[in-house]
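Visitor: Could you take me through this protein step by step, and show me how each conclusion is reached?

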Amino acid sequence: MNPVYSVIIPCYNEEAVIDESYKRLSRVMKDMAESYELVFVNDGSKDKTEEKLNAIQSQDKNVKVVHFARNGGHQIAVSAGIDYATGDALVIIDADLQDPPEIIPEMAAKWKEGYDVVYGKRKSRKGESFFKKFTAKTYYKVLQSLAGDIFPRDTGDFRLVDKRVADVIRNMPEHARYLRGMFAWAGFKQCPVEFERQERFAGETHYPLKKMIKLAMDGIISFSDKPLMLPLFLGIFFLLTAGIAFIASLIAMLFGVYTTPFVWLAELIIFIGGLILLSMGIQSRYMARIYEEVKFRPLYVVRETRGFEEDTK
């Protein structure tokens, strides 16, 4: 019989937090007094995460482990967890305990009220720099303006989703995964649960600025084609600017004012060159996305599973 809840926990080099994460998740799920499974996805960790997960699984049959053959990234690890989960409701939560497991019962209560997606909404973000808070806020404003007002602000991947919604996500084949956007796009009945985001229990963040920028670009490119219009608008702007400058030059000549043409020519060439490069850069991002999709490679490669009916070792 399938469990009521599947909790998906992506892990990458989380040896410092995995024991505490397991303890708190197990305590919360046991207190809910309904069947559950904890699906840990080891995203090609290089520390002792694998050994710790195997030890936990050997002592708790509610624990299932998926070991990747190579690092696939956070969104891919969560996608694998969704594929392997069998519960009626799926909970996605990171192992670092910044998203408190103690919120899960409140999410489950909303699910039982009839909501298909219950997402965690951050009231505050403890332990994060002003720069990160500012850029996150700015990013969500930009994303909403580009893709429409379907993305709730101050949310991450921490959420509970009904298995019907999970089936929709499983059938979305794109490789550049932006799951919080995919869940928003899927529709269904959704609501937030607010919480205070905590500092990491231990260890260091595995989402440095470079990965955050990549995730932000995935979100924009996956859910908006408006950046493709930017070269058109810039082209119109520079054409109008060039036309106005030409008229101004004619008027200046009529009044006997002399301007050196080579300076203006050089600036015009620089502006046009920049416009061309910008256009090519935007188009190249979409072309790169097409290139990734037409390879038809699998989203992830599983080396070993533990705790499932058909384990691979």
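The conversation below goes through ring pairs, a charge over a ring, cysteines, backbone angles and one strand of this predicted model.

Visitor: How many aromatic pairs does a search of the whole structure find, and which kind is the pair of Tyr5 and Trp111?

Guide: The search of the whole structure finds three aromatic pairs. For Tyr5 and Trp111, the ring centres lie 5.7 Å apart and the planes make an angle of 65 degrees. Planes over 60 degrees apart count as edge-to-face, so the pair of Tyr5 and Trp111 is edge-to-face.

Visitor: How many residues apart are Tyr5 and Trp111, and is Tyr5 buried or exposed?

Guide: Tyr5 belongs to strand E1 and Trp111 to helix H4, and their pair links distant parts of the chain, 106 residues apart. Trp111 has a relative accessible area of 15% and is buried. Tyr5 has a relative accessible area of 0%, and because buried means under 20%, Tyr5 is buried.

Visitor: Which kind of pair do the rings of Tyr84 and Phe308 form, and which parts of the chain does the pair link?

Guide: The ring centres of Tyr84 and Phe308 are 5.2 Å apart with the planes at 55 degrees, so this pair is tilted. The pair links distant parts of the chain, 224 residues apart: Tyr84 lies in helix H3, and Phe308 in the segment after strand E8.

Visitor: Is Tyr84 buried or partly exposed, and what about Phe308?

Guide: Tyr84 has a relative accessibility of 26%, which counts as partly exposed. Phe308 has a relative accessibility of 14%, and since the limit for buried is under 20%, Phe308 counts as buried.

Visitor: Which residue lies over the face of Tyr115?

Guide: The residue in question is placed at 4.8 Å from the ring centre of Tyr115. The residue over that face is Lys189.

Visitor: How many disulfides does a search of the whole structure find?

Guide: A disulfide is a covalent bond between the sulfur atoms of two cysteines. Cys11, with a relative accessible area of 1%, is buried, and Cys191, with 7%, is buried too. The number of disulfides found in the search of the whole structure is zero.

Visitor: What is the phi of Asn13, and what is that of Ala33?

Guide: Most residues other than glycine have a negative phi. Asn13, which is found in the loop between E1 and helix H1, is partly exposed, with a relative accessible area of 22%, while Ala33, in the loop between H1 and strand E2, counts as exposed at 66% relative accessibility. Neither residue is a glycine, yet phi is positive in both: about 55 degrees for Asn13 and near 60 degrees for Ala33.

Visitor: How many of the residues of strand E3 are buried?

Guide: In a regular strand the side chains alternate between the two faces of the sheet. On one side of E3, Val63, Val65 and His67 are buried, and on the other side Lys64, Val66 and Phe68 are buried. Both faces are thus covered, and the number of buried residues in E3 is six of six.

Visitor: In which sense does E3 pair with E8, and what is the handedness of the unit that E2, helix H2 and E3 make?

Guide: E3 pairs with E8 over four bridges in the antiparallel sense, with Val66 opposite Thr305. E2 and E3, by contrast, run parallel and are joined by five bridges, and Asn42 stands opposite His67. Together with helix H2, E2 and E3 make a β-α-β unit that is right-handed.

Conventions:
Residues numbered from 1 in each chain as written. Predicted model: local features only at pLDDT ≥ 70, side-chain atom pairs only at ≥ 80, totals over all residues. Heavy atoms only, no water. Phe/Tyr/Trp six-rings, centres within 6.5 Å; stacked < 30°, edge-to-face > 60°. Helix = DSSP H or I, 4+ residues; strand = E, 2+ residues; numbered from the N terminus. Buried < 20%, exposed > 50% of the residue type's maximum accessible area, 1.4 Å probe, protein only. Lys NZ or Arg CZ within 6 Å of the ring centre and 35° of its normal. Disulfide = S-S within 2.5 Å. Pairing = 2+ DSSP bridges. Right-handed = clockwise from strand over helix to strand, strands pointing away.
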